Amino acid sequence: MAKKSLIQREKKRKKLEQKYHLIRRSSKKEINKVQSLSDKWEIHGKLQSLPRNSAPTRLHRRCFSTGRPRANFRNFGLSGHILREMVHACLLPGATRSSW
């Protein structure tokens, strides 16, 4: 189980990213439309003034059940060993164990 403080930090980042998503997207579109370099710098400065944790690249996927940050499957939102345990217990429909 991951530390609760790390899980809460990720939740805070996700909330910030959703809050500033429209502002960030509109500023990036505006940069592409503007021709003069000074206007681009001004818009870029506005982008840099946004909180650092509101950037989508700062987000990190975590396992839904354990909070583990590594070996996550996007389709399920689970880490590898939890996914394996659930497949062995027949809790995931359509997932089959490999047989050699």
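**Entry 1. Domains**

I began with the domain assignment of the chain, which gives domain 1 as 1-59 and domain 2 as 61-99. I note here that the model is a predicted one. I then looked up how the two parts sit relative to each other: the C-alpha centres of domain 1 and domain 2 are 30 Å apart. For contacts, I found six residues of domain 1 touching five residues of domain 2.

The size of an interface is often given as the accessible area lost when the parts come together. For domain 1 and domain 2 I have about 370 Å² buried between them, with 56% of it on carbon and sulfur atoms. I asked which three residues supply 64% of the area that domain 1 buries against domain 2. They are M1, A2 and E10, and no other three residues supply more. I also looked for salt bridges across the interface of domain 1 and domain 2, and the rule finds zero.

**Entry 2. The largest core**

Next I listed the nonpolar cores. The largest has seven residues: L16, Y20, I31, V34, I43, L47 and L50. α1 and α2 each supply at least two residues of this core. I noted that α1 gives the largest share, three residues.

I picked I31 from this core to follow its contacts. Beyond its neighbours within four places in sequence, I31 is in contact with K40, I43, H44 and L47. There is another core apart from this one, of six residues, including C63, L78, L83 and V87. As background, I recall that in soluble globular proteins nonpolar side chains tend to be buried together.

**Entry 3. Three positions on α1**

I went along helix α1, which spans residues 4-33, and checked three of its residues.

R13 is in helix α1. Is R13 buried or exposed? Its relative accessible area is 16%, so I put R13 down as buried, the cut-off for that being under 20%. Not counting residues up to four places away in sequence, R13 touches N53, R58 and L59.

K19 also lies in α1. K19 counts as exposed because its relative accessibility is 58%, and the exposed class starts over 50%. I took one distance from K19: its C-alpha is 7.8 Å from that of S54, with the two positions 35 residues apart in sequence.

S27 is the third residue I checked in helix α1. Its relative accessible area is 4%, so S27 is buried. Which residues does S27 contact, leaving aside its neighbours within four places in sequence? I found I43, K46 and L47. Of these, I43 and L47 are also members of the largest nonpolar core, and both are in contact with I31.

**Entry 4. The loop between α2 and β1**

I moved on to the loop between α2 (37-48) and β1 (72-73), where R61 lies. R61 has 45% relative accessibility and therefore counts as partly exposed. Apart from its neighbours within four places in sequence, R61 is in contact with R68, P69, N72 and R74. I also checked R61 against F73: they are 12 residues apart along the chain, and their C-alpha atoms are separated by 9.2 Å.

A71 is in the loop between α2 and β1 too. What is the sign of phi at A71? I found a positive value, near 60°, in a residue other than glycine. With a relative accessible area of 47%, A71 is partly exposed.

**Entry 5. Helix α3 and the segment after it**

My last stop was helix α3, residues 80-88, where I82, L83 and V87 are buried. I asked why they can be placed on the same side of α3. The arc they cover around the axis is only 135°, which puts them on the same side. An α-helix has 3.6 residues a turn, so residues three or four places apart point the same way. I then looked up what the buried residues of α3 pack against, and found β1 and β2 (78-79). L83 and V87 are also among the six residues of the other core.

C90 lies in the segment after α3. Its phi is positive, near 60°, and C90 is not a glycine. C90 counts as exposed because its relative accessibility is 66%.

Technical notes: Residues are numbered from 1 along each chain as its sequence is written. This is a predicted model: local features need pLDDT of at least 70, side-chain atom pairs count only at pLDDT 80 or more; totals for chains, interfaces and linings use all residues. Side-chain values use heavy atoms; hydrogens and water are left out. Helices (H or I, at least four residues) and strands (E, at least two) are DSSP runs, numbered from the N terminus. Buried means under 20% relative accessible area, exposed over 50%, partly exposed in between (1.4 Å probe, protein chains only). Contact means heavy atoms within 4.5 Å. The arc is that of the directions from the helix axis to the C-beta atoms. A nonpolar core is a set of buried Ala, Val, Leu, Ile, Met, Phe, Trp, Tyr and Cys residues joined through side-chain atoms within 4.5 Å. Domain bounds come from an automatic or database domain assignment. Buried area is the accessible area (1.4 Å probe) that two parts lose on being put together, summed over both. A salt bridge is a side-chain nitrogen of Lys or Arg within 4 Å of a carboxyl oxygen of Asp or Glu.
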